[in-house]
Structures are given as C-alpha cells and as structure tokens.
Amino acid sequence: MNEQNATMGQVRVESVIHVRVGPDAISVVAIELPRRGVQTLSPAQPLLLRTVPGPNVEGLQSSLRLTTRLSSQSPSKTESPLGLFPDCIVTETTGSVSGYLNGAPVTGGSIVVNAWYARGVGLVREERTLDFSVSAPNGPSIRLQEVATKLLEESTLP
C-alpha cells in the first residue's frame, strides 16, 4: 500500500491487516507493522455491516480522540496503479475529532475515510480527510486539514 499525503509527500506503508469475518460483520482486529509488531484494535474496527450506520468506535491518534462510525457502504469501482477494480464495495466512515495538538485544545473537527475493497483482493484504495481547529490560550485559532490517499501498488495474490 502506498500512502500519498497532501502535505508530506509520499510515504511507503507496508502492513498486514488482520480481519475477522463473522455472520453479521467484517472487522479489522489488528494491524501488523514492520519494527512495531502486531497492534490489536479494541474494539475491532467494523468494515462491512448488515445495519448501516454502524456503532460508534472510539480511537486515539496521538493525543487526538476520534469517534467514528460506518455511515454508508455501496457497490463501486476504482483504479489503482495495479489497474481497474470494477467489483468493489466502497465504505464511508465519518466522525468527530477532539483532544489536544501539541498541548493546544482542538475546538472542533471531523474525519472522513472512504475505503474501496475489491472482491478477492481486499483494500485497494483509501481516502482520508482529517479537518479540525486548534485554539491558543488567548483566543486565536487555526484550522488544519490533512488529506491522504493510499493506493494498492502490488499484490502477492494469485
């Protein structure tokens, strides 16, 4: 998976996603990263659910708290460096952001993640937008936005 970040250039991301498939949901239960090992997600992050919107999921990204929920899923197609994937499910996960950034309080924020899952391949594209405002103690504030796209570049599947 290659991540393209609007503000930071390109970052090579190599990870293994551990997925649990159940009768009512497909969930990511852990992520395995080089030099960091397996990181278990608790609770598991839902991918596909029979009932949309899904339940709220709490998570942390540094000192930011993310509260997200799967808001939609539908058939779609997408393209990556490996080619066109005509048989995908695209999921949209939305949520709010709170907490602190370098000690300054986040006064409001949102996150939107769109992910395309191709039949027989898995995740082939992800687009994430993180948007929030931070306030200084004496009142001035600044709005920050991070936009990142991850694309599947290679696969070991047959």
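Two strands pair if DSSP finds at least two bridges between them; strands themselves are DSSP runs of E with at least two residues, numbered from the N terminus. The model treated here is predicted: local features need pLDDT of at least 70, side-chain atom pairs count only at pLDDT 80 or more, and totals for chains, interfaces and linings use all residues. Residues are numbered from 1 along each chain as its sequence is written, and side-chain values use heavy atoms, with hydrogens and water left out.

**Exercise 1.** Determine how S7 and S8 are joined and in which sense they pair.

*Solution.* Begin with the connection: a hairpin of two residues leads from S7 to S8. Next, take the pairing of S7 (residues 64-80) with S8 (residues 83-101), which is antiparallel and extends over 15 bridges. Finally, locate one facing position: Ser98 in S8 stands opposite Arg65.

**Exercise 2.** Identify the residues of the largest nonpolar core and the element that gives the most to this core.

*Solution.* A nonpolar core is a set of buried Ala, Val, Leu, Ile, Met, Phe, Trp, Tyr and Cys residues joined through side-chain atoms within 4.5 Å. Buried means under 20% relative accessible area, exposed over 50%, and partly exposed in between (1.4 Å probe, protein chains only). The largest core has 10 residues: Leu64, Leu66, Val97, Ala104, Val106, Ile111, Val113, Leu130, Phe132 and Val134. Two or more residues come from each of S7, S9 (104-118) and S10. S9 gives the most, namely four residues. For one member, Ile111, the contacts (heavy atoms within 4.5 Å) include Leu66, Val97 and Leu130, leaving aside residues up to four places away in sequence.

**Exercise 3.** Establish how many salt bridges the model contains, and describe those of Glu127, Glu126 and Arg128.

*Solution.* A salt bridge requires a side-chain nitrogen of Lys or Arg within 4 Å of a carboxyl oxygen of Asp or Glu. By this rule, there are five salt bridges.

1. Glu127 pairs with Arg125, their closest N and O atoms being 2.8 Å apart. Glu127 is partly exposed at 27% relative accessibility, whereas Arg125 is buried at 17%.
2. Glu126 and Lys150 meet at 3.7 Å, N to O. The pair links distant parts of the chain, since Glu126 lies in S10 and Lys150 in S11 (residues 141-151), 24 residues apart. Both Glu126 and Lys150 are buried.
3. Arg128 and Glu146 meet at 2.9 Å, N to O. Because Arg128 lies in S10 and Glu146 in S11, this pair ties together parts that are 18 residues apart in sequence. Arg128 is buried, with a relative accessible area of 15%.
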